[in-house]
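Please open the model in your viewer and show the backbone as a cartoon. The stops below say what to select and what is found there.

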There are 2 protein chains.
Amino acid sequence: MRESEFIEWIRSQSQFDPDIVPVGPGDDCAVIACGAERLIVTTDQVLDGVHFRLADHGPEAAGRKGMARNLSDVAAMAAAPFGAVAAVALSRGDLLDQAQAIYRGLRCAGDEFNCPVVGGDVAVWDSLLAITVTVFARPDGIEPVLRSGAEPGDAICLTGAVGGAFRTRRHLQFTPRVREARVLADQYHLHAMIDVSDGLAADLGHICTASGVGAQLWGDVVPIHPDAERQGGEDRPGLAAALGDGEDYELLFTVSADEAQSLLKRRAVDVPITHVGVITEGAGMMLICPDGTSRPLAPTGWEHQT
Amino acid sequence: MRESEFIEWIRSQSQFDPDIVPVGPGDDCAVIACGAERLIVTTDQVLDGVHFRLADHGPEAAGRKGMARNLSDVAAMAAAPFGAVAAVALSRGDLLDQAQAIYRGLRCAGDEFNCPVVGGDVAVWDSLLAITVTVFARPDGIEPVLRSGAEPGDAICLTGAVGGAFRTRRHLQFTPRVREARVLADQYHLHAMIDVSDGLAADLGHICTASGVGAQLWGDVVPIHPDAERQGGEDRPGLAAALGDGEDYELLFTVSADEAQSLLKRRAVDVPITHVGVITEGAGMMLICPDGTSRPLAPTGWEHQT
């Protein structure tokens with residue numbers, strides 16, 4: 001089962017009044033009317049053996065990641081977080097120590113963004129540690145940025161550098177780009193945005209699918225993180241990892257070419273931003289390779305030629 | 001580790017501005033300011049082997065219970081639910097079938113209370129099925145009813161009957177008392193309320209602790225569900241099960257003696273309501289036994305005499 005397939009099925013099952021649920025399943029967060037306000041909400045789990053390894057990383061890092069992943073989804077909408085709840089399924093062992101360490105991790109990530117843990121649920125079971133966090137946010141003066149607004153001709157921009165996050169502890173220790181997203185969306189008209197969790201190619205694919213557009217990604221300028229593995233035989237070492245690894249939690253967004261020029265010149269935020277490609281008409285993504293040739297880019301990463 | 005101990009520790013770790021977080025950890029839901037509105041929120045998980053058995057009950061019943069448990073927490077605050085998100089950790093197998101059945105179960109419970117599933121997260125792991133649901137609600141004209149408002153002299157009232165929910169499928173198929181809670185809290189000044197999930201004695205204990213009061217529970221009138229196990233040697237068959245089993249998801253609330261009289265006479269809601277005891281000064285709970293003697297009632301259920 002691919003998650004995107006399941007989400008498509010869910011979307012086919014649910015019809016929302018756009019005044020009540022302006023954004024349903026399939027974006028980084030949902031948006032739902034809460035009386036006169038709009039509530040922006042996301043839920044995400046971190047699981048032992050999938051998103052962290054308890055034996056290696058410990059419960060505090062797991063809790064921190066649980067909160068930070070959700071805050072990254074909030075950042076992807078340029079929303080302002082204001083609170084969270086967490087449900088924790090503890091494996092048997094030093095329960096109180098484990099629970100307290102997880103809570104410290106949640107707080108460590110949440111406190112930085114004024115996102116208190118206001119409630120939760122703890123249970124014990126004969127299985128592995130699972131942490132589910134739900135974060136609430138508000139537009140607070142900035143219209144939520146969706147995945148679906150990219151337009152042909154848009155510049156594709158990326159904060160930071162990508163690749164290899166799982167080879168180090170970076171996938172546990174990243175700082176969600178909440179502040180950067182707010183500043184950028186306040187000063188520029190961002191057409192579409194997503195956080196890079198599945199991988200640069202996959203997440204660009206999500207924007208393209210949601211927006212009904214294609215993309216051209218420039219392989220020679222994609223910022224490759226030093227963590228990225230340099231495999232033999234690549235025309236640019238580390239590029240495959242940068243495109244496919246994921247868990248970078250950087251912001252990938254599109255703006256008009258004019259605004260991109262201004263944004264890149266002005267250095268609106270402290271983190272580096274790179275113009276990595278352009279949105280195109282139609283469907284499908286192309287990778288312009290460092291040697292000047294181009295090839296189809298699958299939304300799961302580099303599509304190897306056979 | 002006892003959950004109450006951990007919650008106490010969490011409460012010692014968090015200081016909230018009461019204008020921003022009027023109700024933090026430790027009640028059935030949290031209450032948090034969302035701009036000009038108040039958001040009432042709860043998160044609860046159902047775990048294979050703890051809250052359901054996947055092999056026996058199937059994924060749809062598990063999903064239904066995941067939503068209904070949360071709606072029961074919302075009912076305990078007399079709040080009006082308006083949406084939910086769900087995170088599902090699937091064990092390997094027929095993933096799409098499993099995911100779709102869980103979603104149908106969530107919808108089955110949510111649709112009845114205008115509580116759509118607006119977002120979620122699905123992952124696959126080498127472990128057991130875990131479903132975490134977060135439900136959002138609003139006061140919508142009715143002040144949230146907390147656990148902490150019980151006063152000496154209050155009548156203790158209970159909807160429905162309790163005991164033995166785990167001996168049948170009742171713990172999977174109950175209807176959360178959302179409507180009843182709204183009607184009661186609209187028409188009467190409920191001082192304190194909780195849903196019976198841990199067990200009648202334990203949940204009455206939660207009200208007493210939060211309110212700084214004691215209670216006298218009348219063993220001869222506690223409504224015992226037909227599911228409750230009748231053990232030998234009890235002075236009233238099934239009473240121990242009624243006090244200790246839990247997972248009944250009935251409403252336990254306190255009101256002034258005068259209001260209780262009116263409420264019991266008027267049959268404000270369709271479900272039967274029984275006056276099962278009285279709130280007392282000081283701490284500690286007493287069970288008035290059917291034979292007229294009294295004994296201490298532990299918040300974990302019947303305290304057997306040794």
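Select strand 3 and strand 4 of chain B: the two pair in the parallel sense over eight bridges. Strands here are DSSP runs of E with at least two residues, helices are runs of H or I with at least four residues, and both are numbered from the N terminus. Two strands count as paired if DSSP finds at least two bridges between them. Within this pair, A89(B) lies opposite A123(B) of strand 4 of chain B.

This is a predicted model, in which local features need pLDDT of at least 70 and side-chain atom pairs count only at pLDDT 80 or more, while totals for chains, interfaces and linings use all residues. Residues are numbered from 1 along each chain as its sequence is written, and chains are lettered from A and ligands numbered from 1 in the order in which they are written.

**The sheet around strand 3 of chain B**

Keep strand 3 of chain B selected and add strand 5 of chain B; nine bridges join them, and they run antiparallel. A86(B) has V133(B) in strand 5 of chain B as its bridge partner. How much of strand 3 of chain B is buried? Of its 12 residues, 11 are buried, where buried means 20 or more other C-beta atoms within 10 Å of the residue's own, exposed means 12 or fewer, partly exposed lies in between, and C-beta atoms are placed from the backbone.

Now select the whole sheet of chain B: five strands in the order 1-2-5-3-4, open and with mixed pairing. Its edge strands are strand 1 (30–34) and strand 4 (117–125) of chain B, each of which pairs on one side only. On average, neighbouring strands of this sheet are turned by 20° against each other, direction ignored. Axes are lines fitted to C-alpha atoms, for helices over the stretch in contact, and angles run from 0 to 180 degrees between N-to-C directions.

At the strand 1 edge, strand 1 of chain B and strand 2 (residues 37–47) of chain B run antiparallel and are joined by five bridges. Look for V31(B), which stands opposite I40(B) in strand 2 of chain B.

Next show helix 2 (residues 54–76) of chain B, which packs on the sheet and touches strand 2, strand 3 (80–91) and strand 5 (130–138) of chain B. Contact between two residues means that their C-beta atoms, placed from the backbone, lie within 7 Å. The direction of helix 2 of chain B makes about 145° with that of strand 2 of chain B. Then add helix 3 (residues 95–111) of chain B, which also packs on the sheet, touching strand 3, strand 4 and strand 5 of chain B. Its direction makes about 160° with that of strand 3 of chain B.

**Strand 10 of chain B**

Move to strand 10 (residues 273–280) of chain B. Five bridges join strand 6 (residues 155–159) of chain B to strand 10 of chain B in an antiparallel run, and I156(B) has G277(B) as its bridge partner. Strand 8 (residues 214–218) of chain B also pairs with strand 10 of chain B, antiparallel and over four bridges; there G214(B) stands opposite T280(B).

**The two domains of chain A**

Colour chain A by domain: domain 1 covers 3–138 and domain 2 covers 155–302, with bounds from an automatic or database domain assignment. Their centres, taken over C-alpha atoms, are 24 Å apart. The contact takes 17 residues from domain 1 of chain A and 15 residues from domain 2 of chain A. On the domain 1 side, helix 2 of chain A gives the most, with 11 residues.

Select helix 5 (residues 178–187) of chain A, where V178(A), E180(A), A181(A), L184(A) and A185(A) are buried. These residues are on the same side of helix 5 of chain A because they cover an arc of only 160° around the axis, the arc being that of the directions from the helix axis to the C-beta atoms. They pack against helix 2 (54–76), strand 3 (80–91), strand 6 (155–159) and strand 9 (251–255) of chain A.

Then select L200(A), in helix 6 (residues 200–211) of chain A. L200(A) counts as buried because it has 29 C-beta neighbours inside 10 Å. Not counting residues up to four places away in sequence, L200(A) touches V162(A), V222(A), A242(A), L243(A) and L252(A).

**Between the chains**

Finally, show both chains: the contact takes 52 residues from chain A and 52 residues from chain B. Strand 2 of chain A supplies the largest share of the chain A side, eight residues.
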